Structure formats: structure tokens, C-alpha cells
Amino acid sequence: MADLSDPKIDEAYQDVRSDKTDTNWLLLDYESDRSDKLQLTSTGSGGLAELREQLDDGKASYAYVRVQYANDKESKREKFILVIWIGPNCKVMRKAKISVHTADVKSVLRVYSMEVPAREKDDLKEEPIIVKLRKAGGASYDGV
């Protein structure tokens with residue numbers, strides 16, 4: 001089991017979900033290579049582009065992101081995504097634990113519209129994610 005007991009994790013989760021703050025992502029990393037304890041590494045307000053800069057190719061991490069997009073000329077939507085990052089240079093034993101630990105992370109970062117498994121930073125480009133969110137979101141009046 002992953003240890004998500006750090007109260008800063010829930011505080012950051014509530015901050016990302018809040019309409020009253022600009023914070024739109026959080027990043028969780030393991031305390032060390034051998035630890036199963038997750039800690040809040042960083043938060044930010046620069047969206048997926050800023051988050052991509054924070055990801056380490058040698059780590060496995062979890063991120064929670066608020067994505068805002070215009071569905072048509074009349075409306076804006078906000079959706080939340082859960083990112084499961086396994087960097088291309090992540091150690092084999094860490095990769096092996098990710099599927100089990102992801103269930104634990106989902107019990108804390110509970111509300112999201114889409115799970116995004118990412119192996120390369122390009123997997124987190126905003127436009128393809130928005131296209132998927134639009135398709136999953138139902139009503140689309142601009143033919144997307």
C-alpha cells in the first residue's frame with residue numbers, strides 16, 4: 001500500500017479543486033526510491049505545460065490537474081484529470097508497484113473525469129487531452 005497520510009496532500013487537493021484559488025495542479029512523488037510514502041512535491045497555476053517541466057524521467061509520480069477549456073463560444077468547462085507518470089528511466093521495482101499504488105492514490109484524489117497514463121512528457125500535451133475531455137463530456141456544438 002502507498003502511504004498518503006501527509007495532510008499537505010489533502011490540502012493541495014482541496015486547493016486545486018477550489019474555484020477561489022489559481023492553483024490548478026499538484027504533484028506527488030515518493031519520499032525516496034525505496035519508500036512507499038508519497039509526499040506533495042509541488043503545486044502550481046501554469047497548467048499542464050508547467051506540470052510537464054516538473055516531471056522527472058527517472059521517477060514515477062502522480063499528478064492531479066484542473067483543465068479549463070471552452071466547449072463552444074458560449075461556455076467554459078473545467079474538468080479534472082489524474083495523471084499517472086512513469087518516466088522512461090523509472091526503475092523496474094517502482095514500475096511494478098504502480099498499479100497497486102494507483103488504487104490508493106485514487107482513494108485520496110477521488111474526483112476526476114479522466115485518467116491519463118503518461119510515459120513521455122508529450123503524453124501531457126494539452127490539446128489531445130482537451131479533445132478527449134470534450135468527447136467524454138457529452139454535448140459539443142462545434143462538431144468536435
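Modeller: Buried means under 20% relative accessible area, exposed means over 50%, and partly exposed lies in between (1.4 Å probe, protein chains only). This is a predicted model in which local features need pLDDT of at least 70 and side-chain atom pairs count only at pLDDT 80 or more, while totals for chains, interfaces and linings use all residues. Residues are numbered from 1 along each chain as its sequence is written, and side-chain values use heavy atoms, with hydrogens and water left out.

Colleague: Why is serine 35 called buried?

Modeller: Serine 35 has a relative accessible area of 12%; the limit is under 20%, so serine 35 counts as buried.

Colleague: What does serine 35 touch, residues up to four places away in sequence not being counted?

Modeller: Serine 35 touches Tyr30 and Arg94, where contact means heavy atoms within 4.5 Å.

Colleague: What makes the pair of aspartate 33 and lysine 91 a salt bridge?

Modeller: A salt bridge is a side-chain nitrogen of Lys or Arg within 4 Å of a carboxyl oxygen of Asp or Glu. The side chains of aspartate 33 and lysine 91 meet at 3.1 Å, N to O, so the pair satisfies that limit. Aspartate 33 lies in the loop between S1 and S2 and lysine 91 in the loop between strand S4 (75-86) and helix H3 (92-108), so the bridge ties together parts 58 residues apart in sequence.

Colleague: Why is aspartate 33 called exposed?

Modeller: Its relative accessibility is 57%, and exposed requires over 50%; aspartate 33 therefore counts as exposed.

Methods
Helix = DSSP H or I, 4+ residues; strand = E, 2+ residues; numbered from the N terminus.
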